[in-house]
Amino acid sequence: KMDSIYHEKQEGFLCAQHCLNNLLQGLFFTAVDLAQFAHQLDEQELATMVEGAGTSDDLRRLHEQPSSNMDDSGYFSIQVINRALQVWNLELVPTMSPSMKHVLDDPIHQSAFICNHQQHWFTIRKLGRQWFNLDSLLKKPRLVSDTYLCLFLTQLQMEGYSIFVVRGELPSSEADLLLQVITLDATGHETASKGNSITSFTGSSSSTECQSSTDESFDLELATAISASLEESPPSVEETRQRRIEYFARHHNPESS
């Protein structure tokens with residue numbers, strides 16, 4: 001059942017694209033799409049700077065500056081990722097401020113996190129009732145237990161990662177619907193466990209600060225309803241393409257954004 005989870009593996013330096021598609025669980029964005037977003041942002045930033053330029057030399061230097069939102073290696077900035085997520089009415093909120101401390105202290109109530117360090121982006125997302133590390137550098141999705149999630153995020157912070165929580169309703173996906181009904185063990189096989197007490201593939205701890213109560217009974221009525229919802233289709237390729245077209249049409253120049 002692990003193969004129901006969409007997981008793009010690392011290709012060149014396109015981790016921003018992989019991060020977004022792994023978050024959204026499908027081929028929602030290409031490098032070309034992200035380059036368009038970067039170009040939009042560059043034009044908006046240039047227009048703002050041109051207003052304050054004093055001489056023709058200043059203007060020339062501004063136009064000669066490289067993009068701050070992408071480079072030739074395939075790296076894209078946080079602004080580009082945010083712009084892409086706006087297509088699906090999602091946003092990233094940094095967790096570094098004191099007002100967001102509660103999010104990392106009890107992260108299981110969120111839907112997803114995006115992490116960044118030294119130009120590498122990756123997603124940690126809840127699918128169904130379980131969390132998965134969807135890093136494109138991994139060979140396959142890696143199960144993260146509820147107990148370990150808080151400790152894992154804390155470890156990433158200590159390693160220098162910036163962590164952003166994803167806010168908004170994520171689009172429906174096959175894996176999310178399927179994993180509402182079943183649970184997987186660390187090897188990716190269906191487990192008979194009725195609760196979310198699976199040992200993390202990446203580790204476990206008895207830390208009381210991060211540990212949350214996750215012993216939920218298996219609700220037959222809920223499972224029946226979710227099984228029926230499996231007949232619903234996730235966003236099609238055409239719907240995804242149309243969303244992008246509509247967004248670019250609304251934001252084709254700085255004045256319309």
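Colleague: Among contacts in the chain between residues at least 6 apart in sequence, what percentage joins residues at least 24 apart?
Modeller: The figure is 69%. A contact here means heavy atoms within 4.5 Å. This is a predicted model, and residues are numbered from 1 along each chain as its sequence is written. Local features need pLDDT of at least 70, side-chain atom pairs need 80 or more, totals for chains, interfaces and linings use all residues, and side-chain values use heavy atoms, without hydrogens and water.

Colleague: How many helices and strands does the chain have?
Modeller: There are 9 helices and 6 strands. Both are DSSP runs, numbered from the N terminus: helices are H or I with at least four residues, strands are E with at least two.

Colleague: What makes helix 1 count as mostly covered?
Modeller: Helix 1 spans residues 15-24, and 10 of its 10 residues are buried. Among them are Cys15, His18, Asn21 and Leu24. Buried means under 20% relative accessible area, exposed means over 50%, and partly exposed lies in between (1.4 Å probe, protein chains only). In the chain as a whole, 46% of the 257 residues count as buried. Just after helix 1 comes Gln25, with a positive phi of about 65 degrees.

Colleague: Why is Cys19 called buried?
Modeller: Its relative accessible area is 1%. That is under the 20% limit, so Cys19 is buried. Cys115 is buried too, at 0%.

Colleague: How many disulfides does a search of the whole structure find?
Modeller: It finds 0. A disulfide is a pair of cysteine sulfur atoms within 2.5 Å.

Colleague: Why does Cys19 have no such bond?
Modeller: The closest cysteine sulfur to that of Cys19 belongs to Cys15, 7.7 Å away, so it is too far for a bond. For the sulfur of Cys115, the closest cysteine sulfur is in Cys19, at 8.1 Å, which is also too far.

Colleague: Why is helix 1 called roughly parallel to helix 4?
Modeller: Helix 1 and helix 4 (residues 78-86) pack at about 30 degrees, with axes 11 Å apart. The roughly parallel label follows, because angles under 35 degrees earn it. Axes are lines fitted to C-alpha atoms over the stretch in contact, and angles run from 0 to 180 degrees between N-to-C directions.

Colleague: Which residues make the contact?
Modeller: Helix 1 contributes Ala16, Leu20 and Leu23, and helix 4 contributes Ile81, Ala84 and Leu85.

Colleague: How do these residues divide into nonpolar, polar and charged?
Modeller: There are 6 nonpolar, no polar and no charged residues. The nonpolar class includes Ala, Leu and Ile.

Colleague: What makes Gln118 stand out in its backbone?
Modeller: Gln118 is not a glycine, yet it has a positive phi of about 50 degrees. Gln118 sits in the loop between strand 2 (112-117) and strand 3 (120-127). Gln119 lies in the loop between strand 2 and strand 3 as well. Its phi is also positive, near 70 degrees.

Colleague: How do you know whether Gln118 and Gln119 are buried or exposed?
Modeller: Gln118 has 67% relative accessibility, over the 50% limit, so Gln118 is exposed. Gln119 has 45%, which lies between 20% and 50%, so Gln119 is partly exposed.

Colleague: Why does Leu178 count as buried?
Modeller: Leu178 has 17% relative accessibility, under the 20% limit, so it is buried. Leu178 is in helix 7 (residues 174-178).

Colleague: How far apart are Leu178 and Arg129 in sequence and in space?
Modeller: They are 49 residues apart in sequence and 9.9 Å apart in space, C-alpha to C-alpha.

Terms used. Parallel < 35°, antiparallel > 145°, perpendicular 65-115°, else oblique.
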